[in-house]
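Dear colleague,

I am passing on the structure below, followed by notes on what was found in it. Please read the notes with the coordinates open beside them.

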Amino acid sequence: FIRKVVSERRPFFTVLWFGSPHGPYSGTAEDVALQHARKLLRSTILVDGHNDLPYAIRRFKDAPGDIVAYDLRKPTPGDTDLARLRAGGLGAPFWSVYIPGEVRDSGYARIQLEQIDIAKRVIARYPDVFVPAFTAADVRKAYAQGKIGSLLGMEGGHAIENSLGALRSYYELGARYMTLTHNVTLDWADAANDVPRNNGLTAFGKEVVREMNRLGMIVDLAHTSPAVMSQALSVTEAPVIWSHAAARGITDVPRNVPDSILARLPKNGGVVMMTFVPGFVSQAVANYGAQVTAVRDSIAKRFPNDNDAQFKAVAAWRETHPTPIATISDVADHLDHIKKIAGAAHVGIGGDFDGITETVQGLEDVSTYPTLFAELLKRGWTATELKGLAGENVLRVLKGAESVSALLRKSRPSSTKTIQQLDGRRP
């Protein structure tokens with residue numbers, strides 16, 4: 001019915017929709033869809049696979065790393081605070097404990113531990129809102145209590161510093177997924193946005209996947225090369241995720257998931273958690289970004305060693321070449337595509353809020369999830385499909401990882417293999 005009203009372009013009509021189990025609703029077709037979406041999200045658990053709030057706090061210019069100064073009970077400068085979390089209906093975020101892969105000042109472990117500490121202190125500071133979550137059952141219990149079940153996800157296998165012992169320690173600290181790479185190729189895994197050196201996963205990389213399966217830590221393939229994606233799917237004994245990614249068949253950039261990989265998800269049971277990064281969801285935005293890079297390189301050659309001239313020339317070019325806008329329709333196109341190739345059971349949400357400097361129009365912060373669900377309702381997505389997208393699909397993955405772990409822990413001890421033993425490289 002909503003699609004019919006929209007197709008007939010009747011925005012000024014008052015529409016009464018009695019056909020929904022949640023009805024009646026009134027207003028324009030857009031109002032009807034949004035009311036329905038809000039009602040649906042009040043009846044299911046909304047999980048976001050990737051929110052960078054801990055890193056936003058670390059980089060807070062007024063008081064870096066200060067969770068008290070970055071007060072979530074007030075409007076924050078970023079994309080996340082308590083009021084907007086409630087408005088958006090978020091039930092269970094994976095707080096990303098991201099650290100840059102380029103940092104070398106003291107090794108990765110110190111910074112990784114600091115990020116886990118920030119996330120845990122944030123959760124503890126608002127006990128009326130957040131509760132720590134480590135399992136799918138924990139998430140459901142938190143939801144039943146009217147609280148937000150808070151999970152931790154590590155973004156980048158560089159943090160384990162080629163150590164399976166470190167991997168196990170991070171799991172014990174609460175990390176329930178690990179993105180195998182971030183933007184930097186590792187000694188054991190190739191990143192999508194870096195030069196490949198390993199033809200995918202090395203022998204040690206495959207051992208990392210197996211040990212994650214044994215632990216019950218979800219393998220996250222966002223940021224990895226297609227070769228890593230393919231090989232991880234062949235090695236893993238548990239479902240995988242892409243915590244924040246999109247479909248390469250819609251926007252052809254290295255960070256997105258190829259159709260050949262999407263087609264393998266039904267067998268694995270995994271989930272692509274749709275991100276809201278403009279350059280990943282809009283081909284026009286992606287092309288513009290590549291064009292800006294080319295223009296900057298050209299200008300740098302014209303004005304070598306003159307930063308002021310370079311800045312002015314780039315600014316002048318931008319004046320006549322405005323940035324394209326990514327829209328909710330673009331995001332919905334990706335979800336339709338993933339649904340078509342992999343199936344509705346293999347989609348989720350991974351916004352990347354507080355980890356991006358530009359946002360999709362209409363998806364500016366954590367309050368805006370219902371708007372996306374309203375768009376999908378207008379496209380004919382069913383309530384069952386939307387509940388899967390919201391959180392049931394990824395909770396199935398989390399439960400699957402737990403079940404595989406329970407079996408493997410009975411038959412397989414902790415791996416003591418090293419990268420030196422398996423790959424002939426330094427540990």
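In helix 9 (residues 226-235), the buried residues are Val228, Met229, Gln231, Ala232, Leu233 and Val235, where buried means under 20% relative accessible area, exposed means over 50% and partly exposed lies in between, with a 1.4 Å probe and protein chains only. Helices (H or I, at least four residues) and strands (E, at least two) are DSSP runs numbered from the N terminus. The cover over the buried residues of helix 9 includes helix 8, strand 9 (241-245), helix 10 (259-262) and helix 11 (265-268), contact being taken as heavy atoms within 4.5 Å. Ser234 also belongs to helix 9, but Ser234 counts as exposed because its relative accessibility is 55%. The C-alpha atoms of Ser234 and Asn268 are separated by 9.1 Å, although these two residues are 34 residues apart along the chain.

Please keep in mind that this is a predicted model, in which local features need pLDDT of at least 70 and side-chain atom pairs count only at pLDDT 80 or more, while totals for chains, interfaces and linings use all residues. Residues are numbered from 1 along each chain as its sequence is written, and side-chain values use heavy atoms, with hydrogens and water left out.

Turning to helix packing, helix 7 (residues 164-172) and helix 8 (residues 203-215) have axes 11 Å apart and pack at an angle of about 30°, which makes helix 7 roughly parallel to helix 8. Axes here are lines fitted to C-alpha atoms, for helices over the stretch in contact, and angles run from 0 to 180 degrees between N-to-C directions; angles under 35 degrees count as roughly parallel, over 145 as roughly antiparallel, 65 to 115 as roughly perpendicular and the rest as oblique. The crossing of helix 7 past helix 8 is right-handed, meaning that the near helix is turned clockwise from the far one by less than a right angle, whereas anticlockwise would be left-handed. From helix 7, Leu164, Leu167, Arg168 and Tyr171 meet Phe204, Glu207, Val208, Glu211, Met212, Arg214 and Leu215 of helix 8. This contact of helix 7 with helix 8 has seven nonpolar, no polar and four charged residues, with Ala, Val, Leu, Ile, Met, Phe, Trp, Tyr, Cys and Pro counted as nonpolar, Asp, Glu, Lys and Arg as charged, and the others, Gly among them, as polar.

Helix 16 (residues 369-378) packs with helix 15 (residues 328-341), their axes coming within 10 Å and crossing at roughly 60°, and helix 15 and helix 16 are therefore oblique to each other. Here Ile328, Val331, Ala332 and Leu335 in helix 15 meet Thr371, Leu372, Glu375 and Leu376 in helix 16, a contact made up of six nonpolar, one polar and one charged residues. Helix 16 also packs with helix 2 (residues 29-41), where the axes come within 8 Å and cross at roughly 115°, and helix 2 passes helix 16 in a right-handed crossing. Among the residues of helix 2 in this contact are Glu30, Ala33 and Arg38, and among those of helix 16 are Tyr369, Phe373 and Lys378; the residues of the contact divide into nine nonpolar, two polar and three charged.

Asp330 lies in helix 15 and, leaving aside neighbours within four places in sequence, is in contact with Val281, Ser282 and Ile325. The C-alpha atoms of Asp330 and Ser282 are separated by 6.1 Å, with their positions 48 residues apart along the chain.

As for the interior, the largest nonpolar core has 102 residues, of which Phe130, Met178, Leu180, Trp188 and Trp242 touch the most other members. A nonpolar core is a set of buried Ala, Val, Leu, Ile, Met, Phe, Trp, Tyr and Cys residues joined through side-chain atoms within 4.5 Å. Another core, of 18 residues, lies apart from the largest one and includes Leu151, Ile218, Val394 and Leu398.

Two loop residues deserve a look at their backbone. Asn162, in the loop between strand 6 (148-155) and helix 7, has a positive phi of about 60° although it is not a glycine, and Asn162 counts as buried because its relative accessibility is 12%. Asn305, in the loop between helix 13 (283-302) and helix 14 (307-320), likewise is not a glycine and has a positive phi of about 65°, but Asn305 counts as exposed because its relative accessibility is 81%.

With best regards
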